[in-house]
Amino acid sequence: MNSKVVKALNEQINFELYSAYIYMSMSAYLKALNLPGFAHWMEVQTKEELAHALKIHNYLIERGGEIVFKAIKEPPQKWESPMAAFKHAYDHEQIVTSRFEEIIDLALKEKDHTTNIQMQWFLNEQIEEEANVLSIYQQLKMANNAPQVIFMLDRELAQRVFVDPNAPAANQAN
Ligand code: MG
(Lines give C-alpha, C1' and ligand atoms only; values in the text may rest on other atoms or scores of the structure.)
Protein backbone atom coordinates (compact mmCIF):
# COMPACT_ATOMS: atom_id res chain seq x y z
CA MET A 1 0.00 0.00 0.00
CA ASN A 2 1.02 3.60 -0.55
CA SER A 3 2.75 4.86 2.63
CA LYS A 4 0.93 8.22 2.65
CA VAL A 5 -2.42 6.45 2.45
CA VAL A 6 -1.41 4.02 5.23
CA LYS A 7 -0.41 6.98 7.42
CA ALA A 8 -3.72 8.78 6.74
CA LEU A 9 -5.73 5.64 7.55
CA ASN A 10 -3.82 5.11 10.80
CA GLU A 11 -4.51 8.73 11.73
CA GLN A 12 -8.18 8.17 10.96
CA ILE A 13 -8.29 5.07 13.21
CA ASN A 14 -6.92 7.31 15.97
CA PHE A 15 -9.49 10.03 15.19
CA GLU A 16 -12.38 7.53 15.30
CA LEU A 17 -11.13 6.38 18.72
CA TYR A 18 -10.90 10.03 19.78
CA SER A 19 -14.52 10.46 18.57
CA ALA A 20 -15.54 7.46 20.68
CA TYR A 21 -13.74 9.04 23.64
CA ILE A 22 -15.62 12.36 23.16
CA TYR A 23 -19.01 10.62 22.96
CA MET A 24 -18.23 8.41 25.96
CA SER A 25 -17.37 11.58 27.87
CA MET A 26 -20.65 13.17 26.71
CA SER A 27 -22.50 10.03 27.82
CA ALA A 28 -21.01 10.34 31.31
CA TYR A 29 -21.85 14.07 31.42
CA LEU A 30 -25.47 13.42 30.35
CA LYS A 31 -25.84 10.53 32.81
CA ALA A 32 -24.67 12.85 35.60
CA LEU A 33 -27.46 15.25 34.58
CA ASN A 34 -29.94 12.39 35.12
CA LEU A 35 -30.70 12.08 31.40
CA PRO A 36 -30.40 8.31 30.83
CA GLY A 37 -31.91 8.43 27.32
CA PHE A 38 -29.42 11.06 26.15
CA ALA A 39 -26.62 9.10 27.83
CA HIS A 40 -27.74 5.90 26.09
CA TRP A 41 -27.80 7.66 22.71
CA MET A 42 -24.21 8.79 23.25
CA GLU A 43 -23.26 5.27 24.33
CA VAL A 44 -24.58 3.93 21.01
CA GLN A 45 -22.64 6.71 19.26
CA THR A 46 -19.50 5.58 21.11
CA LYS A 47 -20.00 2.00 19.88
CA GLU A 48 -20.42 3.28 16.31
CA GLU A 49 -17.12 5.16 16.48
CA LEU A 50 -15.32 2.11 17.88
CA ALA A 51 -16.82 0.07 15.03
CA HIS A 52 -15.57 2.66 12.51
CA ALA A 53 -12.05 2.41 13.97
CA LEU A 54 -12.23 -1.38 13.75
CA LYS A 55 -13.51 -1.27 10.16
CA ILE A 56 -10.56 0.87 9.00
CA HIS A 57 -8.20 -1.30 11.07
CA ASN A 58 -9.52 -4.49 9.44
CA TYR A 59 -9.21 -2.92 6.01
CA LEU A 60 -5.58 -1.92 6.62
CA ILE A 61 -4.74 -5.45 7.80
CA GLU A 62 -6.44 -7.00 4.76
CA ARG A 63 -4.35 -4.81 2.47
CA GLY A 64 -1.14 -5.53 4.36
CA GLY A 65 -0.81 -1.96 5.68
CA GLU A 66 1.10 -1.47 8.91
CA ILE A 67 -1.00 -0.55 11.96
CA VAL A 68 0.57 2.16 14.14
CA PHE A 69 -1.23 3.12 17.35
CA LYS A 70 -0.65 6.56 18.82
CA ALA A 71 -1.91 8.26 21.99
CA ILE A 72 -5.55 9.30 21.96
CA LYS A 73 -6.21 12.94 22.80
CA GLU A 74 -8.06 13.73 26.03
CA PRO A 75 -11.70 14.66 25.39
CA PRO A 76 -13.54 17.57 27.05
CA GLN A 77 -15.29 16.43 30.25
CA LYS A 78 -18.02 19.06 30.61
CA TRP A 79 -20.36 21.16 28.49
CA GLU A 80 -22.58 24.13 29.30
CA SER A 81 -25.78 22.22 28.52
CA PRO A 82 -27.03 19.17 26.61
CA MET A 83 -27.53 21.58 23.69
CA ALA A 84 -23.86 22.63 23.86
CA ALA A 85 -22.82 18.97 23.85
CA PHE A 86 -24.86 18.26 20.71
CA LYS A 87 -23.54 21.42 19.05
CA HIS A 88 -20.05 20.12 19.75
CA ALA A 89 -21.03 16.69 18.35
CA TYR A 90 -22.33 18.35 15.18
CA ASP A 91 -19.16 20.44 14.75
CA HIS A 92 -17.09 17.31 15.36
CA GLU A 93 -18.95 15.24 12.74
CA GLN A 94 -18.37 17.99 10.17
CA ILE A 95 -14.64 17.70 10.88
CA VAL A 96 -14.89 13.91 10.42
CA THR A 97 -16.60 14.42 7.05
CA SER A 98 -13.88 16.77 5.83
CA ARG A 99 -11.22 14.29 6.97
CA PHE A 100 -12.78 11.54 4.82
CA GLU A 101 -12.92 13.94 1.89
CA GLU A 102 -9.18 14.59 2.37
CA ILE A 103 -8.41 10.85 2.57
CA ILE A 104 -10.35 10.29 -0.67
CA ASP A 105 -8.48 13.17 -2.33
CA LEU A 106 -5.19 11.57 -1.26
CA ALA A 107 -6.25 8.06 -2.35
CA LEU A 108 -7.18 9.38 -5.80
CA LYS A 109 -3.94 11.36 -6.05
CA GLU A 110 -1.95 8.22 -5.18
CA LYS A 111 -4.12 6.08 -7.49
CA ASP A 112 -5.29 3.89 -4.61
CA HIS A 113 -8.76 3.14 -5.95
CA THR A 114 -9.53 0.43 -3.39
CA THR A 115 -9.10 2.89 -0.52
CA ASN A 116 -11.24 5.37 -2.43
CA ILE A 117 -14.06 2.79 -2.62
CA GLN A 118 -13.71 1.85 1.07
CA MET A 119 -13.72 5.48 2.17
CA GLN A 120 -16.83 6.22 0.10
CA TRP A 121 -18.70 3.98 2.59
CA PHE A 122 -17.54 6.25 5.43
CA LEU A 123 -18.33 9.45 3.57
CA ASN A 124 -21.81 8.14 2.86
CA GLU A 125 -22.18 7.19 6.54
CA GLN A 126 -21.33 10.80 7.45
CA ILE A 127 -24.56 12.06 5.86
CA GLU A 128 -26.52 10.21 8.55
CA GLU A 129 -24.02 11.01 11.31
CA GLU A 130 -24.34 14.75 10.67
CA ALA A 131 -28.12 14.64 10.19
CA ASN A 132 -28.71 12.74 13.45
CA VAL A 133 -26.78 15.13 15.69
CA LEU A 134 -28.03 18.19 13.84
CA SER A 135 -31.66 17.14 14.34
CA ILE A 136 -31.21 16.70 18.10
CA TYR A 137 -29.20 19.92 18.38
CA GLN A 138 -31.91 21.87 16.52
CA GLN A 139 -34.67 20.47 18.73
CA LEU A 140 -32.74 21.48 21.86
CA LYS A 141 -32.03 24.89 20.39
CA MET A 142 -35.68 25.50 19.52
CA ALA A 143 -36.71 24.38 23.01
CA ASN A 144 -34.03 26.65 24.48
CA ASN A 145 -33.19 23.86 26.96
CA ALA A 146 -36.80 23.79 28.27
CA PRO A 147 -37.05 20.90 30.79
CA GLN A 148 -40.31 19.48 29.36
CA VAL A 149 -38.77 19.11 25.90
CA ILE A 150 -35.55 17.66 27.32
CA PHE A 151 -37.45 15.00 29.26
CA MET A 152 -39.57 14.08 26.21
CA LEU A 153 -36.49 13.89 24.03
CA ASP A 154 -34.75 11.81 26.69
CA ARG A 155 -37.43 9.13 26.37
CA GLU A 156 -37.16 9.19 22.57
CA LEU A 157 -33.35 8.93 22.52
CA ALA A 158 -33.50 5.94 24.89
CA GLN A 159 -34.88 3.92 21.92
CA ARG A 160 -31.74 4.12 19.79
CA VAL A 161 -30.42 0.70 18.76
CA PHE A 162 -26.79 -0.02 17.85
CA VAL A 163 -26.28 -1.70 14.48
CA ASP A 164 -22.76 -3.07 14.12
CA PRO A 165 -21.39 -2.14 10.67
CA ASN A 166 -18.82 -4.94 11.02
CA ALA A 167 -21.44 -7.67 11.48
CA PRO A 168 -21.95 -9.85 8.36
CA ALA A 169 -25.69 -9.02 8.14
CA ALA A 170 -24.99 -5.28 8.27
CA ASN A 171 -22.38 -5.60 5.52
CA GLN A 172 -24.89 -7.37 3.26
CA ALA A 173 -27.40 -4.59 3.85
CA ASN A 174 -24.89 -2.00 2.62
MG1 MG B 1 -17.09 7.75 12.89
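## A tour from a salt bridge to a metal site

Begin by selecting K109 and E110, whose side chains meet in a salt bridge with 3.8 Å between N and O. As you look at this pair, keep in mind that the model is a predicted one. K109 is exposed, with a relative accessible area of 61%, whereas E110, at 22% relative accessibility, counts as partly exposed. Add K4 to the selection, and you have a network of salt bridges that links K4, K109 and E110.

Move next to K111, which lies in the loop between helix 3 and helix 4. Its phi is positive, about 55 degrees, although K111 is not a glycine. As background for this stop, most residues other than glycine have a negative phi. K111 is also exposed, its relative accessible area being 66%.

From K111, step to D112 and display its side chain together with the backbone of T114: at the start of helix 4, a side-chain oxygen of D112 comes to within 3.4 Å of the backbone nitrogen of T114. Then select the whole of helix 4, residues 113-143, and check its length in the viewer; with 31 residues at 1.5 Å a residue the helix should span 45 Å, and the distance of 46 Å between its end C-alpha atoms agrees with that expectation. Just after helix 4 you reach N144, which takes a positive phi of about 50 degrees.

Another positive phi can be inspected at N34, a residue other than glycine, where the value is near 65 degrees. N34 is found in the loop between helix 1 and helix 2, and with a relative accessible area of 60% N34 is exposed.

Now turn to salt bridges within helices; the structure holds 6 salt bridges in total. In helix 1 (residues 3-32), select K7 and E11, which are 4 residues apart and therefore separated by about one helical turn. Their side chains meet in a salt bridge, with 3.1 Å from N to O. K7 counts as exposed at 54% relative accessibility, while E11 counts as partly exposed at 38%.

In helix 3 (residues 82-109), select K87 and D91, which again lie 4 residues apart, about one turn of the helix. K87 forms a salt bridge with D91 in which the closest N and O atoms are 3.0 Å apart. Both partners are partly exposed, K87 with a relative accessible area of 32% and D91 with one of 30%.

Finish at the magnesium ion, displaying the side chains of E16, E49 and H52 around it. These residues are the protein donors of the ion, E16 and E49 through OE and H52 through ND1, and they lie 2.0 to 2.2 Å from the metal. Along the sequence, the donor residues follow the spacing E-x32-E-x2-H. Why are E49 and H52 separated by about one helical turn? They are 3 residues apart in helix 2 (residues 36-62), and the separation therefore comes to about one turn. If you colour the model by accessibility, both E49 and H52 will appear as buried.

How values were computed:
Residues numbered from 1 in each chain as written. Predicted model: local features only at pLDDT ≥ 70, side-chain atom pairs only at ≥ 80, totals over all residues. Heavy atoms only, no water. Donors = N, O, S within 2.8 Å, 3.2 Å for Na, K, Ca; no water. Helix = DSSP H or I, 4+ residues; strand = E, 2+ residues; numbered from the N terminus. Buried < 20%, exposed > 50% of the residue type's maximum accessible area, 1.4 Å probe, protein only. Salt bridge = Lys/Arg side-chain N within 4 Å of Asp/Glu carboxyl O. Expected span 1.5 Å × (residues − 1). Polar contact = N/O pair within 3.5 Å; in protein donor to acceptor, adjacent residues only side chain to side chain.
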